[in-house]
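Biologist: Could you walk me through this structure and tell me what stands behind each label you use? I would like to hear the cut-offs along with the conclusions.

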Amino acid sequence: MVTARPEPMTTLRTVIVTVAAIGGITVVLIDGYSLGSTAIGATALALALAASGFRFRRQYS
Amino acid sequence: MPATIPTQGPVNRAPAAQASAGPHQHPTGRDPVVDLIRAACLCVVVVMHTMMAGVTVEDDGLHVFKALQDQSWFVPVSWVVQVMPLFFLAGGVASVTQWQRARSIGAKPGDYVRSRLHRLVFPALVAFLALGAGQCAATLAGAPVETLAEVGRLMGLPLWFLGVYLGTSVLVPVMVRAHEAAPARTMLLLVSAAAAVDLVSATYQVPALGFANLAFVWLAMQQAGFWYADGWFQSRTAAQLRFGAAASIAALLFVTVTGTYSADMLANLNPPNITLLLVGAAQTFLLAAAGPKLRAVSRNRYVRTAVTAIGGRAMTIYLWHIPVLVIISALGLAAGLAWPEPHSVLWWFTRIFWIAAVAAALLPVAGWFGRYE
């Protein structure tokens with residue numbers, strides 16, 4: 001079976017996903033688990049994970 | 001193809017580390033004493049947060065406060081229960097070991113960062129989604145907006161650690177390289193930067209500047225973890241370790257008694273300052289001094305089982321213990337249970353049951369959400 005190879009983590013990609021992840025966490029830290037901040041935080045984390053090559057099935061199946 | 005970051009297996013140490021590493025490393029590359037300490041620290045954090053929880057219901061709604069705050073007797077206790085430096089020390093030990101092993105089989109820094117992101121961020125995303133859904137359901141059910149806002153704020157408080165830990169973890173390849181090139185200079189630079197931030201923020205009355213120490217203080221403790229992994233602390237004599245701990249505590253006494261810093265080590269956490277490095281130094285010297293005894297404790301079958309169980313669910317426990325605490329409180333209040341007057345005899349008497357209730361409720365939560373670690 002051929003599995004998709006994750007994109008290499010260049011320095012720029014590393015910086016972007018790290019900033020997105022820490023930013024998403026910080027939004028919820030500052031504003032608490034309100035509906036708006038949780039939605040923004042979760043979106044930022046999801047984007048950071050996706051951009052870093054995270055694949056749920058590969059990780060947990 | 002990017003290398004896979006191993007989590008187990010033998011360690012290939014850098015030459016500098018090989019020279020000083022003692023017989024402390026477990027064959028799997030993990031130090032059981034560090035695992036024990038990390039699990040114990042997590043328990044301390046959960047118990048302290050549980051003890052801190054204070055709730056009153058007034059005519060104008062729910063009021064939440066820190067039950068142990070402003071208690072004079074708690075100040076010396078805070079010197080013992082301030083375990084965050086140990087968390088970053090343990091993180092440093094684990095991460096340098098993991099990164100050096102991965103690097104030895106061809107992993108690139110990006111591969112390491114990716115593995116840390118996945119390890120730390122996905123459990124957080126699951127928590128965000130679950131708690132967001134909970135907030136949504138509570139809003140639709142007609143829960144008071146102010147109460148939900150307060151509950152949401154409380155549940156988000158532990159996230160500071162996740163953000164900082166993620167930041168320090170991502171920097172591991174860079175910080176390990178600096179450590180291998182010039183260990184003393186790297187540590188000195190970080191400690192000096194932390195002291196400079198304290199000085200400037202106090203001199204110019206800019207408290208917000210202190211948050212720069214979220215990087216310098218915790219990266220310095222991470223460096224201490226690198227030194228620990230190298231075996232530097234363990235290769236000191238018992239007398240040297242005792243002296244190091246005593247000197248750190250003496251320095252801490254000096255800066256707090258003279259009023260330069262607060263003597264409350266929980267107050268010193270936000271933003272962090274140089275006192276936490278002194279606490280961390282004392283803890284590290286004491287940890288190295290107690291290493292042989294702790295190693296014997298870690299070999300106990302029951303202790304090992306508990307450490308493995310807690311370590312395997314550490315992120316989940318950390319992310320979920322306050323939400324669990326808040327939900328139990330809310331359920332108790334909704335059921336009409338009276339909250340004892342803080343610091344009363346009844347309050348102290350019921351703390352053990354309160355801690356047991358939170359621990360019992362955390363078990364299924366850790367079991368369920370822990371699958372995403």
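Modeller: Gladly, and let me start with a definition: a residue is buried at under 20% relative accessible area, exposed at over 50%, and partly exposed in between (1.4 Å probe, protein chains only). Please keep in mind that this is a predicted model, where local features need pLDDT of at least 70 and side-chain atom pairs pLDDT 80 or more, while totals for chains, interfaces and linings use all residues. Residues are numbered from 1 along each chain, chains are lettered from A in the order in which they are written, and side-chain values use heavy atoms, without hydrogens and water.

Biologist: Why does Thr50(B) count as buried?

Modeller: Its relative accessibility is 1%, and the limit for buried is under 20%, so Thr50(B) counts as buried. Thr50(B) sits in helix α2 (residues 32–52) of chain B; helices here are DSSP runs of H or I with at least four residues, strands are runs of E with at least two, and both are numbered from the N terminus.

Biologist: What is Thr50(B) in contact with, leaving aside its neighbours within four places in sequence?

Modeller: Contact means heavy atoms within 4.5 Å. By that rule Thr50(B) touches Leu325(B), Trp354(B), Ile355(B) and Val358(B). For chain B as a whole, 49% of its 373 residues count as buried, and its secondary structure comes to 16 helices and two strands.

Biologist: What makes Arg103(B) and Glu180(B) a salt bridge?

Modeller: The term asks for a side-chain nitrogen of Lys or Arg within 4 Å of a carboxyl oxygen of Asp or Glu. In this pair the closest N and O atoms are 2.8 Å apart, so the definition is met. Arg103(B) lies in helix α4 (residues 84–104) and Glu180(B) in helix α8 (residues 172–181) of chain B, so the pair ties together parts 77 residues apart in sequence.

Biologist: Are those two partners buried or partly exposed?

Modeller: Arg103(B) has 31% relative accessibility and counts as partly exposed. Glu180(B), with a relative accessible area of 25%, is partly exposed.

Biologist: How many salt bridges does a search of the whole structure find?

Modeller: Four over all chains. One of them joins Arg119(B) and Glu373(B), at 3.1 Å from N to O. That pair links distant parts of the chain, 254 residues apart: Arg119(B) is in helix α5 (residues 109–140), and Glu373(B) in the segment after α16 (345–369) of chain B. Another pairs Glu150(B) with Arg153(B), whose closest N and O atoms are 2.9 Å apart. Both of these lie in helix α6 (residues 145–156) of chain B, three residues apart, about one turn of the helix.

Biologist: How many salt bridges are there between chain A and chain B?

Modeller: Zero. There are, however, four residue pairs in polar contact between the chains, both residues at pLDDT 80 or more. A polar contact is a pair of N or O atoms within 3.5 Å; within protein, one must be able to donate a hydrogen and the other to accept it, and residues adjacent in sequence count only if both atoms are side-chain atoms.

Biologist: How many residues of each chain are in contact across that boundary?

Modeller: 29 residues of chain A are in contact with 34 residues of chain B.
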